[in-house]
Amino acid sequence: MFSDFDNSENIRSTTFYYLHSRETVSMRRLLTFFYFIATLFFVSILSACGGDGGETTASEFSIGGNVSGLANGAQVILQNKGTDALTLSANGAFVFTTLEPANGSYAVTVSKQPTGQVCSVSGGSGSGSGVSTDISTVNIACSTDSYIIGGTISGLASGAQVSLENNGANAITLSANGSFSFSAPIAYNGSYSVTMSGQPTGQICSVASGTGSGSGVTANISNVDIACSTNTYTIGGNVSGLASGAQVTLQNNGANALSLNANGPFTFSVPVAYNGSYAVTVSGQPTGQICSVSNTTGSGAGVSANVGNVSIVCSTDIYTIGGSVSGLASGAQVTLQNNGANALTLNANGPFTFTVPVAYNGSYTVTISGQPAGQICSVSGGTGSGVQVTANINSVSIICSMDTYTIGGSVSGLAAGAQVTLQNNGANTLTLNSNGPFAFTVPVAYNGSYAVTVSGQPAGQICSLSGGTGAGTGVTANINDVSITCGFSLTPISCCDGVFTSSNAGGGTSWMNSTQYPYMYFKLPSSMNTVSGQSIYVAITYANTGFGTISLAYDSLQSAYSAADIHAHSSFTNGGGISTMYVELTSPSLLHRENGGADLRISGPPFTILSITAQTTPFSDSGFQHALTTPWLNPITVRHGQLANTTTLVGSVMAGYQGWFRCPNDATDQGWGHWLTGDSFTSENFGVDQWPDLTAYPRSAWCRADALSTQSGQPAYVFSSTNIDVVEQHFSWMEQNNIDGVFLQRFLPAEPAAWTLANVRQAAADHGRIWAIEYDLSGLTDANVLQTVENDWKWLVDSAHILQDTSYAHEGVKPVVVLWGYSIRSGLTPTTGDQLVDFLKNDPVYGGNYVIGGVWAGWPTVVSTWQEHFTHYDGALVWQAQNFSNDNAFFKSLGVDYFADVFPGFSWSNLQKSNAGFSDRSGGQFYWNEMNAAVSAGSKRMFVGMFDEYNEGTAIMPMSDDSPVTQPYGHFVNNQGHASNWWLQLSNSGKSMMLGKTPVTNTMP
């Protein structure tokens, strides 16, 4: 029974705590007074002992503050700088046991929250000039009322990410524009302070409306604004020593000439982009003087701030730069440069001197611009700045060695007759004109580094690179894993229904379709040398504006317009920026049979395509790589948790499980599958009559429902059933509420990417549940049902190995299979039904199964041929039964086991766009009456339809009362005053009643 607890004990406990707290405060005051007197006494003794009379300064300070709002009997654990744990069980002052040294810092965090509360920290950190006094201003505010802190981010570049913190903790990383919220809520009257803990590469983001204190937080915060912008940086510095009337001319990166005729600061007129580089040189010396440059270059990690430290020092006093060479092989030569110029070629060991001197207070940077054949030379003592040059330099050491390592890899996808040009470390150019292995001609010395880049693309192709850099501990072996993958850049064919418009905005060509002409056709070049039936991979870069999904059809071995089944990032969600869709064409024939002689056709709502590339090897994008995996082919042989019975369905409660909800760009990449009947989250597109309660799901599993809000004004979120964390939560609920497992609905033709199948298998094993296949035959005809199901069952057994799962349901030794649709769906005949059941029961390889038939509740009115068909089943599940007793008696007379089908209610107003078709749940009484009637009729097996079908309002898994506002015809089922897990609890109680553990009664628990 579920009842309210008695509050009287709480009142008594609160009163006792109040009195006890008063006594504690009085005692503290008394002890404080005695402590003060003792301290004065101790100080006077020290003075009398002949001290020097000088003042003393405290070298350690305490860190503390005050706790408020902590519930009676609760406790919160704090830490300072990740250690020094302090457990508090009452409100009031607190002090950490470990003192902080003078000029130290402190960072107070909540390491463990009190049960049922959230405590937040304000004033919890201090550094800067350091701690110089006892700290007592840290405030810990606890409350059972907590609020979400969030807002929106804009301007973030595609592929970039920014990290935020709230109150110095609770870090989140964002990689897309739009709404965000922190995972840790803030207690009532708490405060928040949103800061940037990590800027995006190449951008600067700022925070507006990021703090709140004063009267404290009393509602969810959603107006924190993060604005990001891309930066460019100026290059400049200072000129000194330039004679009056003289002029020096500088260049940056070999251009952007700047003539200066006075000492002082200077700045080049052309800025440098983020991660760019600069190289300042003197292109014209002043008459009678020598000007030298220090801090002249910047590359490596690239420019990420304005550069103002380039120093030009001019002088009539000049100094030579030189040193010695050793280890140079006989007949070899090495070429050096100083400050990026003044090349000097040496062919013997011994001393050397550059021909161009350096001015007084100038600097020098000696580099190797040409290595000797078969050797690697390194420089030590090759730079001088800081104190700068005030005398001749002869300490530069050039050491040459024979220990070197090759840098190489392989090229694939390069067209016949094409060539691609690579560089290593910005030099050592290598031009390749065929696929296969390659190696650069110049090796890398021991502990050296490498950075391979594509410096010249082949005509009509784009080559990408992976594994191209190595540094850190340095190179200690030959490198052969640099991968160069070349694809073909495609342009659309204008024909027939493939009409498009072009634009050159932004410096590149883009193509746009339209509502009237949604198609765009592409033809692969003959130079691609494709092999029929061998996978081809396509990347489509598009502008992420508007809503919808891009589809690709290709000329395959099966059809001229076969749908591409495996893809990633095909949904545009109006998030701004640029996205790239990746597609695998699994069985191409590419006979140019599409309109206009094309091989590929992309289509969808109006979109803008920026580029399309095809290649014969997969792209390295992590989302696409995940989509290419096939976890559903692996049997799950290890089980955990409380084990449900895998050898019989007697005494079991099984639920129907769809697993069909999708989010844009998830593993199946099918847009808002089953949440909507359109492309965007607007009320006229709703496809569900129950809204999910996401409280128990990890925040990473939440999908933002575009810009939709719930009735309370909160951002609306849903989930994807392709996310393993979501399905794990579903099966955790089943385990907690004694639901034995699921009949997994399988709709044919099935999705090639069986993510729900993989997730159900894993989650069932993790939570000790059972599962079995239930074929929904509603999408098949009498002409194709037999062959389609037979082929699919063979694939499930031979390729997916489902019968090797230790969690697969059996009746005795027979695996369970459910067929739903015969006698329910028109167009299917008893003849094919008999043949299909015979295959599943008697085939010498794929038979031996326990077959359950999902049949029509109106079975008494069907013709005798249907009733004869029922005798072929081992079990019968009567869909939405009208009379459990009659059903049980009839199928028992046929020797067929009976499964009672119960459900909590029904509603499909949003799905059907009509207010017709609604069965009120009556607070659970409708569901309880169903289970009571089934048990009273003698049923020992129960089927719940359904566990997760929000679409028709039959789901028993938790739903939220805070749903969005829908259309006038629409309706969202709510919990009618109960907790969101009420329907799961009723299922548990119904099972207890079926097993005889509790009385059979019409009264709900």
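Good morning, colleagues. I begin with helix α4, residues 755–766, which has twelve residues and reaches 16 Å from its first C-alpha to its last, close to the 16 Å expected at 1.5 Å a residue. Please keep in mind throughout that this is a predicted model.

How much of α4 is covered? Mostly, it is: ten of the twelve residues are buried. These are W755, T756, L757, A758, N759, V760, R761, A763, A764 and A765. The elements that cover them include the helices α2 (622–628), α3 (724–736) and α5 (785–798). The strands β64 (653–657), β67 (741–747) and β68 (770–776) also belong to that cover. Just after the helix, G768 adopts a positive phi of about 65°.

One residue of α4 leads us to the charged pairs. The structure holds seven salt bridges, and I shall discuss three of them. In general terms, side chains of opposite charge can pair when their charged atoms come close.

The first pair is D805 with R761, whose closest N and O atoms are 2.8 Å apart. Here distant parts of the chain are linked: R761 sits in helix α4, while D805 sits in the loop between α5 and β69 (810–811), 44 residues apart. Are the two partners buried or exposed? D805 has a relative accessible area of 4% and is therefore buried. R761 has a relative accessible area of 1%, so this residue is buried as well.

The second pair is K841 with D874, with 3.4 Å between the closest N and O atoms. K841 belongs to helix α6 (residues 830–842) and D874 to the loop between α7 (864–870) and β72 (875–878), so the contact ties together parts that are 33 residues apart in sequence. With a relative accessible area of 24%, K841 is partly exposed. D874, by contrast, is buried, at 14%.

Let me stay with α6 for a moment. This helix has 13 residues and spans 17 Å from its first C-alpha to its last, close to the 18 Å expected at 1.5 Å a residue. Which residues of α6 are buried? They are P830, T832, G833, L836, V837, F839 and L840. These buried residues pack against α5, β70 (814–820), β71 (850–855) and α7. Helix α5 thus appears twice in this account, since α5 is also among the elements covering the buried residues of α4.

The third pair joins the side chains of D897 and R941, at 3.6 Å from N to O. Distant parts of the chain are again linked, with D897 in strand β73 (residues 897–902) and R941 in the loop between α10 (925–936) and β76 (942–944), 44 residues apart. D897 counts as partly exposed, at 24% relative accessibility, whereas R941 counts as buried, at 12%.

I turn now to a charged residue without such a partner. D706 is found in strand β65. This aspartate is buried yet has no salt bridge. Where is the nearest side chain of opposite charge? It belongs to R704, 7.7 Å away, and a salt bridge requires a nitrogen within 4 Å of a carboxyl oxygen, so R704 does not qualify. What lies close to the side chain of D706 instead is the backbone nitrogen of F681, 2.9 Å from one of its polar atoms. Leaving aside residues up to four places away in sequence, D706 touches F547, W672, S680 and F681.

A705 lies in the strand β65 too, which covers residues 703–709. A705 counts as buried, at 0% relative accessibility. With the sequence neighbours up to four places away again set aside, A705 touches W672, F681, A716 and Y717. W672 and F681 therefore appear in the contacts of A705 and in those of D706.

To move to another part of the model, the C-alpha atoms of A705 and V358 are separated by 65 Å, and the two residues are 347 apart along the chain.

I close with a sheet. Strands of a sheet pair through backbone hydrogen bonds, either parallel or antiparallel. Which order do the four strands of this open sheet follow? The order is β34-β33-β37-β39, with antiparallel pairing. At the edges stand β34 (341–346) and β39 (383–384), each of which pairs on one side only. Strand β37, residues 364–370, is joined to β39 by two bridges, and these strands run antiparallel. Within β39, T383 stands opposite T365.

Thank you for your attention.

Methods
Residues are numbered from 1 along each chain as its sequence is written. This is a predicted model: local features need pLDDT of at least 70, side-chain atom pairs count only at pLDDT 80 or more; totals for chains, interfaces and linings use all residues. Side-chain values use heavy atoms; hydrogens and water are left out. The expected span of a helix is 1.5 Å times one less than its number of residues. Buried means under 20% relative accessible area, exposed over 50%, partly exposed in between (1.4 Å probe, protein chains only). Contact means heavy atoms within 4.5 Å. Two strands pair if DSSP finds at least two bridges between them. Lys and Arg count as positive and Asp and Glu as negative; His and the chain ends are not counted. A polar contact is a pair of N or O atoms within 3.5 Å; within protein, one must be able to donate a hydrogen and the other to accept it, and residues adjacent in sequence count only if both atoms are side-chain atoms.
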